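Q: I have a new structure on my screen and I'd like some help reading it. Can we go through it together?

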Amino acid sequence: MRSGASAPGKVILFGEHFVVYGAPAILCAIDRRVAVTASANGTGRISISSALGSLESPPGRGISEIAPALRPLYFLADRMLAGRQGTGGIDITVESEIPPGAGLGSSSACCVAAAAAVSGLGSRIPRGRVLELAVEAEQTIFAGTSGADCAACMHGGIIRYSRDGGFSSIGQGRGFSLVIADSGTKHSTGSVVGTVGRFRGENRAEFEGMCREAAGLVEGVPGLLARGDAAGVGRLMNQNQECLRRIGVSNTTLDEMVRIGQGAAHGAKITGAGGGGCVVCLAGPGGPGPALRGFERAGYGCFEASIDCRGLDTF
Ligand code: MEV
């Protein structure tokens, strides 16, 4: 038996980090995907093959014994086997178009696609349960995840997400065009979130003020999206970037990239944890060309992305 699923990567347009502490965020799925295939095998073992490594192991091992990049996949296969009679195992293969450690949701898209592919080997479960499984799998590498990234990769389109309110679709961003530029420095979401946690511990009142400010920006976005006001959304993205800079997740390279993006597009900001990774720009009236050329001239890898409205897909 064989079951496959794919899920898109994502960018965060508003609210990363603040979402961990309860503020709302706005995320958007992008047209770069991760595909996962799961097949039942007769070996009784879990075997994983991905660009981030491979593994062949019996089920039932402690998750800390597994290489971090493969933990979510092992977790999902192990859990599936624990709930089943018999002596079979599971083979998992992963193919990804999303660079890892760049803030574009490669691990969340992988968790969502793997949760759907592996659970597809058993009896059908609702999509909400697939999302819960994906978040549990992601927690094996980043215990403090807000769950926002998995929700975006699962749902597709543009979503508003908060920890207590879950997610709702706020549109498909028709006519909006994104440019993504990569600093070339990988980051670990868990460690950048840890740095922000320390900043918050030492600057509680200031951090709470910024949470309120970031939440206020989010509230303005659905109306602007509904009116197709890309310039308005871009202005709010620039304000959000200022909050991210103040909590210390930008650096000289990211500041330079944001300057290039803001000079050539409606708005530009870090996307995801920061500390490295990518900058996302909302293209201006001249389309994506000016931002793409600006990043290329400065030597940064960049590409135009469109908004993915498919979300999780099974095959
Ligand atoms: C990472 O893509 C987004 C963060 O807000 C962490 C999270 O929401 O889990 C930094």
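A: Sure, let's start at the ligand: one of its oxygen atoms is 2.6 Å from an N or O atom in the side chain of S146. Keep in mind that this is a predicted model.

Q: How much of the ligand's accessible area does the protein cover?

A: On its own the ligand has 300 Å² of accessible area, and the protein covers 98% of that. The space the ligand takes is the largest pocket.

Q: Which residues come nearest to the ligand?

A: There are 14 residues around the ligand, and K10, H17, V19, S146 and D149 come nearest. For K10, an N or O atom of the side chain is 3.3 Å from a ligand oxygen. With H17, look at the backbone instead: an N or O atom there lies 2.9 Å from an oxygen of the ligand.

Q: What kinds of residues make up the shell around the ligand?

A: The shell divides into 6 nonpolar, 5 polar and 3 charged residues. Both β1 (2–14) and α5 (189–202) supply at least two residues each.

Q: Now the strands. Do β2 and β5 run parallel or antiparallel?

A: In a regular strand, side chains alternate between the two faces of the sheet. Here, β2 (residues 25–41) and β5 (residues 89–96) run antiparallel, joined by 8 bridges. To find one of them, look at A35, whose bridge partner in β5 is E95.

Q: And how many bridges join β3 to β5?

A: That pair has 4 bridges, and β3 (residues 46–50) runs parallel to β5. Look for S49, which stands opposite T93 in β5.

Key: Residues numbered from 1 in each chain as written. Predicted model: local features only at pLDDT ≥ 70, side-chain atom pairs only at ≥ 80, totals over all residues. Heavy atoms only, no water. Pairing = 2+ DSSP bridges. Near = heavy atom within 4 Å. Polar contact = N/O pair within 3.5 Å; in protein donor to acceptor, adjacent residues only side chain to side chain. Areas by Shrake-Rupley, 256 points an atom, 1.4 Å probe, with all protein chains shown as cover. 1 Å grid on protein atoms, 1.4 Å probe; cavity = no way out; pocket = protein on both sides within 12 Å on 5 of 7 lines; lining within 4 Å. Sits in = over half its atoms within 2 Å of the grid points. Nonpolar A, V, L, I, M, F, W, Y, C, P; charged D, E, K, R; others polar.
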